[in-house]
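Student: I would like a close look at a single helix in this structure, set in the context of the chain around it. Please take me through it in one connected account.

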Amino acid sequence: MDTGSDFLRAQLNNAISQHHALVVSVRDHAEQADDPEYRRICERHLPGLENHQEMLQAYGTSIGSEGGSGLKNILGSALGKARDAVDAMRGTDFLRVVGDIVLIRQAQDTFATFAIAGERLGDARLAELGRMGEKEHDAVQREFNAFCADSFVQHVQGTMATGRGDRESASASTSASARM
């Protein structure tokens, strides 16, 4: 196992590749989603995710990392194609968002590790990258989870609607009929 600077570069390369998979997934779902609200959520968060990707790569460059290039980019591309195939089999926004949540949580964990490790190592740039990434990915995760929960309820009720406004109306009418 690598140690020292080699370990840091290797972990950063892993983070860059993993986060790239998240960016690609959210970008694809912004284009492919059937539900307009899911598309809007993806579109709303895509610029921030792309910014974090650039920040990871810039930090990687500053420490002499490959930035996820070469074999890792090939693997990332292959994983992206595999994800597309799985998405096609899944065929629903609900299952797509579940996959996105898994990637978001991986990114949250990575950024949290960078925040703590950066503090302990006295690497202010790594610590700040970690804190900012963790905070912003927490917000992304909350919104994706809320959409996922709304979608889950709609699937169970058999009242799939388009857009959050319709979901809220369906939830309100369900609540109203439950009170009667």
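Tutor: The chain has six helices and zero strands, and read along the sequence it follows the pattern α-α-α-α-α-α. This is a predicted model, with an average pLDDT of 83 over the chain and 74% of the residues scoring at least 70. The part to treat with caution is residues 162–180, where pLDDT stays under 50 and for which the model has 24 contacts beyond four places in sequence. Of the 180 residues in the chain, 39% are buried, and among contacts between residues at least 6 apart in sequence, 72% join residues at least 24 apart.

The helix I would single out is α2, which covers residues 36–62. At its start, a side-chain oxygen of Asp35 comes to within 2.7 Å of the backbone nitrogen of Glu37, and just after its other end Gly64 takes a positive phi of about 80 degrees. Between these two points, the 27 residues of α2 should span 39 Å at 1.5 Å a residue, and because the end C-alpha atoms are 39 Å apart, the model agrees with that expectation. The helix nevertheless bends by about 35 degrees at Leu46, with a proline, Pro47, following within four residues.

Which residues of α2 are buried? They are Glu37, Tyr38, Ile41, Cys42, His45, Leu46, Leu49, His52, Gln53, Leu56, Tyr59 and Gly60. In reading that list it helps to recall that an α-helix has 3.6 residues a turn, so residues three or four places apart point the same way. Leu46, where the bend is placed, is itself one of the buried residues.

Two of these buried residues, Tyr38 and Leu56, lead on to the largest nonpolar core, which has 29 residues and in which Leu22, Val26, Tyr38, Leu56, Val97 and Phe144 have the most contacts. The elements giving two or more residues to this core are α1 (4–32), α2, α4 (93–121) and α5 (124–157), with the largest share, eight residues, coming from α4. In soluble globular proteins, nonpolar side chains tend to be buried together.

The surroundings of α2 can be followed through particular contacts, leaving aside neighbours within four places in sequence. Leu22 is in contact with Leu49, and also with Asp100, Leu103, Ile104, Ala107 and His137. Tyr38 is in turn a contact of Asp100, whose other contacts are Leu22, Ser25, Val26, His29 and Phe144. Asp100 lies in helix α4, and because its relative accessible area is 0%, under the 20% cut-off, it counts as buried.

Elsewhere in α4 is Phe94, which is buried because its relative accessible area of 18% falls under that 20% cut-off. Phe94 touches Cys148, Ser151, Phe152 and His155, not counting residues up to four places away in sequence; the C-alpha atoms of Phe94 and Phe152 are separated by 7.1 Å, although their positions lie 58 residues apart along the chain when counted from one to the other. As for α5, its 34 residues reach 49 Å from first C-alpha to last, close to the 50 Å expected at 1.5 Å a residue, and it is followed by Gly158, whose phi is positive, near 70 degrees.

Technical notes
Residues numbered from 1 in each chain as written. Heavy atoms only, no water. Expected span 1.5 Å × (residues − 1). Bend = angle between axes of the 7 residues up to and from the residue. Buried < 20%, exposed > 50% of the residue type's maximum accessible area, 1.4 Å probe, protein only. Polar contact = N/O pair within 3.5 Å; in protein donor to acceptor, adjacent residues only side chain to side chain. pLDDT = per-residue confidence, 0-100. Contact = heavy atoms within 4.5 Å. Core = buried A, V, L, I, M, F, W, Y, C linked by side-chain atoms within 4.5 Å.
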